[in-house]
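Subject: Structure handover

Hello,

Here is the structure we talked about handing over. Please open it alongside this email, and read the notes below with the model in view.

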Amino acid sequence: MLHRLMLERGAPLVEFVLGHMALDEFTEGISRRMAQAFVNMYEDDEIDVQRFLSGQLGDDLQRLASEVMMDEHEASAGWNDHDISVPPMNEDPREAAASAMTQLKLRRVNEARRAASEKIYQAERDGGNLRAAQEEKKKLDALRRHIKSREYLEEA
């Protein structure tokens, strides 16, 4: 969703998303490479989404750009027959981006929380440093609350 919004909306959304996300929060591989390409364009003050779609940045990034721009679902034409308006996808792009960023950040924190819980279990089982593992999980819990409240959006 974040890639799609940046491709659809260009510089304003690239700045908004990359101002609130670290590269390592994007999934490793092609997704992170696309985010890095956006960073490079932003730093050069030349955000040109057509470079993705035309293949100038490589076939794999072109494929990803094409995939994220395709709608998985679309409203049936029958809705129009009944005078029911269906709002366009991402009608509020900043809110859509904020929601997607929050979900991605929470996913990363939840992964780290699971790893911390495993460390606590290991420390209990092996008689290791339980306090350090508990402190790590406590910090992750605080970060999770911070992300859920969207306070991170106000900091940048």
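**Pocket, helices and salt bridges**

The lining of the largest pocket divides by class into 5 nonpolar, 4 polar and 1 charged residues. Please keep in mind throughout that this is a predicted model.

The pocket first. Its volume is about 210 Å³. The residues that line the largest pocket are M1, L2, H3, F26, T27, S31, A100, Q103, L104 and R107. Two elements, helix 1 and helix 7 (93–126), each give two or more residues to that lining. Which of the elements gives the most to the lining of the largest pocket? Helix 7 does, with 4 residues.

Now the overall plan. The protein has 9 helices and 0 strands. Along the sequence the pattern reads α-α-α-α-α-α-α-α-α. There are 156 residues, and 31% of them count as buried. Look at the contacts with a separation of 6 or more: residues 24 or more positions apart account for 64% of these.

**Helix 1**

Start at the N-terminal end of the model. Helix 1 is mostly covered, with 6 of its 8 residues buried. The buried ones are L2, H3, R4, L5, M6 and L7. L2 and H3 also appear in the lining of the largest pocket. What covers the buried residues of helix 1? The cover includes helix 2, helix 3, helix 4, helix 5 and helix 7. After helix 1 comes G10, which has a positive phi, near 70°.

Helix 1 also holds a salt bridge. R4 pairs with E8, and the closest N and O atoms are 2.8 Å apart. Both residues lie in helix 1, 4 residues apart, or about one turn of the helix. Is R4 buried or exposed? R4 has a relative accessible area of 8%, so it is buried, as the cut-off is under 20%. Its partner E8 is partly exposed, at 32% relative accessible area.

**Helix 5**

Helix 5 spans residues 59–69, and L61, L64, A65 and V68 are buried in it. Seen down the axis of helix 5, these buried residues fall within an arc of 100°, so they line one face of the helix. The face turned away from the buried side carries D59 and E67, both exposed. What do the buried residues of helix 5 pack against? They pack against helix 1 (2–9), helix 3 (30–43) and helix 4 (50–53).

Just before this helix, take a look at G55. G55 sits in the loop between helix 4 and helix 5. G55 has a relative accessible area of 21%, which makes it partly exposed, because buried means under 20%. From G55 to A65 is 10 residues in sequence, and 9.4 Å in space, C-alpha to C-alpha.

**More salt bridges**

How many salt bridges are there? The count comes to 8. The R4 and E8 pair is described above. Here are two others.

E25 and K105 meet through their side chains in a salt bridge, at 2.9 Å, N to O. This pair links distant parts of the chain: E25 is in the loop between helix 2 (11–18) and helix 3, K105 is in helix 7, and they are 80 residues apart. E25 counts as buried, at 15% relative accessibility. K105 is buried as well, with a relative accessible area of 9%.

E111 and R108 form a salt bridge too, at 3.6 Å, N to O. Both lie in helix 7, 3 residues apart, about one turn of the helix. E111 is partly exposed, at 37% relative accessibility.

**Where to look**

A short route through the model:

- The lining of the largest pocket, where helix 7 gives 4 residues.
- Helix 1, with R4 and E8 in a salt bridge.
- Helix 5, with L61, L64, A65 and V68 buried.
- The link from E25 to K105, 80 residues apart.

Best wishes

Definitions and conventions. Residues are numbered from 1 along each chain as its sequence is written. Side-chain values use heavy atoms; hydrogens and water are left out. Buried means under 20% relative accessible area, exposed over 50%, partly exposed in between (1.4 Å probe, protein chains only). The arc is that of the directions from the helix axis to the C-beta atoms. Contact means heavy atoms within 4.5 Å. On a 1 Å grid over the protein atoms alone, a cavity is a set of points where a 1.4 Å probe fits but cannot get out, and a pocket is an open set with protein on both sides within 12 Å along at least five of seven lines; lining residues have an atom within 4 Å of a point. Grid points are joined across faces, edges and corners, and a volume is the space filled by probe spheres set on the points. Ala, Val, Leu, Ile, Met, Phe, Trp, Tyr, Cys and Pro count as nonpolar, Asp, Glu, Lys and Arg as charged, and the others, Gly among them, as polar. A salt bridge is a side-chain nitrogen of Lys or Arg within 4 Å of a carboxyl oxygen of Asp or Glu.
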